[in-house]
Structure formats: C-alpha cells, structure tokens
Amino acid sequence: MRDIAGIAGFQALAGQHVAVSDWLTITQQRIDTFADATDDHQWIHVDAERCARESPYGCTVAHGFLTLSLLPAMLQGALHMAGIRMAINYGLNKVRFPAPVPVGSRLRARLDILCVDDLPEGAQVNWAVTMEREGDTKPVCVAEFLMRCYP
C-alpha cells in the first residue's frame, strides 16, 4: 500500500507511477449481481451454457462497466491518503476495454498520476489507470480517472 500525505503528497507524485492494487477475482456471482443491479443480462455475461456453445471466449465475460466500477475499490486498497478528508469520483476523460474479462480472471490496477490541478478547496488528481488480467499482456481496461481531494 502506498502512503500519500495530503495534497502535497499527490503533487510530489505527478507524472509518476504510484501503485499497483491487489489482485481481485471476477466470479460469476459478481457478474450476476452486477447484471441484476444494471438490468444488463446480455447472454455473454450470464448464460454459461450458451457461451460454451456460441461465444468466442467459451465462457461468460464480465461487463466492461463492471470492470471499470472496481476502480474505486482497487484505488482504496492500493493507497492510504493521510490528510485527505474527502475524495470523490469526478469522472472519466477516456475509457477503453481492449480485452475481455473471462469469468475466473484475476485483475489488478496499475495507477499513475498524470497531473494534479489546484482547486479552491483542494485538488483534482488525474490518474492514468491500466487494469490488467493475470497471465495476459493486453490490458482489459485503460482509463483516465479524475478524483477530487479535499483536506
């Protein structure tokens, strides 16, 4: 886990690789729960038998948005932000899903700080995030994530 001390700690890390999260396993239960929460029950996510017959992956795959939604948990597990009273998700500038996430995959996030912009009451941290699947060289998600931090 990487310790970051306040806004100054983020500013000192601008332009650098900061942390790598722990591995997180994508289970069918997690995929099904996400499908229920979002009403996205497309068969490539929830129908293992049909996937075995018809999908090029041979099994169910996680939703791209499920993969993306794991980012806050991965960040929280990889960073300890001392002196930050509140950190909020401000959005995304860019997101791509270059590779599928088959059920049973283990994912982790590589976290780099692109820049830190001052705000009247805090700072905006612009993260470059690369989510990777264990055993594969192609990332499953690349995103530019904006986080607002308030001391």
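Is F65 buried or exposed in this predicted model? At 58% relative accessibility, F65 counts as exposed. The legends below begin with the whole chain and return to this residue in a later view.

**Figure 1. Overview of the predicted chain, with six helices and eight strands.** Read along the sequence, these elements follow the order β-α-β-β-α-α-α-α-α-β-β-β-β-β. The C-alpha trace spans about 55 × 30 × 25 Å along its principal axes. Of the 151 residues, 41% count as buried. Among contacts with a separation of 6 or more, 70% join residues 24 or more positions apart.

**Figure 2. The segment annotated as a MaoC-like domain, residues 10-112.** The annotation comes from an unreviewed UniProt entry, where it reads "domain: MaoC-like". Over residues 10-112 the chain is 38% helix and 27% strand. The C-alpha atoms at the two ends of this segment are 11 Å apart.

**Figure 3. The largest nonpolar core, which contains 38 residues.** F10, L111 and W127 touch the most other members of this core. Elements that each supply at least two of its residues include the helices α1 (6-12), α2 (28-38), α5 (64-69) and α6 (71-78). The strands β2 (17-20), β6 (106-119), β7 (122-133) and β8 (141-150) likewise each supply at least two.

**Figure 4. Surroundings of F10 and its pairing with W127.** Leaving aside neighbours within four places in sequence, F10 is in contact with I4, M81, I84, I113, V116, V125, W127, M147 and C149. The rings of F10 and W127 form an edge-to-face aromatic pair, with 6.2 Å from centre to centre and 85° between the planes. Because F10 lies in helix α1 and W127 in strand β7, the pair ties together parts that are 117 residues apart in sequence. Both F10 and W127 are buried.

**Figure 5. The aromatic pair of F65 and F97.** The ring centres of F65 and F97 are 6.1 Å apart and their planes stand at 90°, so this pair is edge-to-face. F65 belongs to helix α5, whereas F97 lies in the loop between β5 (86-96) and β6, 32 residues apart. As for their surroundings, F65 is exposed at 58% relative accessibility, while F97 is partly exposed, with a relative accessible area of 36%. The count of aromatic pairs comes to two.

**Figure 6. I84 and its contacts from other parts of the chain.** I84 is found in the loop between β4 (79-82) and β5, and counts as buried at 15% relative accessibility. Not counting residues up to four places away in sequence, I84 touches G6, I7, F10, C149, Y150 and P151. I84 and C149 are 65 residues apart along the chain, yet their C-alpha atoms are separated by 6.4 Å.

**Figure 7. R148 over the face of Y90.** R148 lies at 3.6 Å from the centre of the Y90 ring.

**Figure 8. Cysteines in a chain with zero disulfides.** The closest cysteine sulfur to that of C59 is in C51, 7.1 Å away, which is too far for a bond. C141 is in no disulfide either, since the nearest cysteine sulfur, that of C59, is 18 Å away. C141 is buried, with a relative accessible area of 1%.

Definitions and conventions. Residues numbered from 1 in each chain as written. Predicted model: local features only at pLDDT ≥ 70, side-chain atom pairs only at ≥ 80, totals over all residues. Heavy atoms only, no water. Core = buried A, V, L, I, M, F, W, Y, C linked by side-chain atoms within 4.5 Å. Buried < 20%, exposed > 50% of the residue type's maximum accessible area, 1.4 Å probe, protein only. Helix = DSSP H or I, 4+ residues; strand = E, 2+ residues; numbered from the N terminus. Contact = heavy atoms within 4.5 Å. UniProt positions renumbered as here; feature names shortened; annotations may be inferred. Phe/Tyr/Trp six-rings, centres within 6.5 Å; stacked < 30°, edge-to-face > 60°. Lys NZ or Arg CZ within 6 Å of the ring centre and 35° of its normal. Disulfide = S-S within 2.5 Å.
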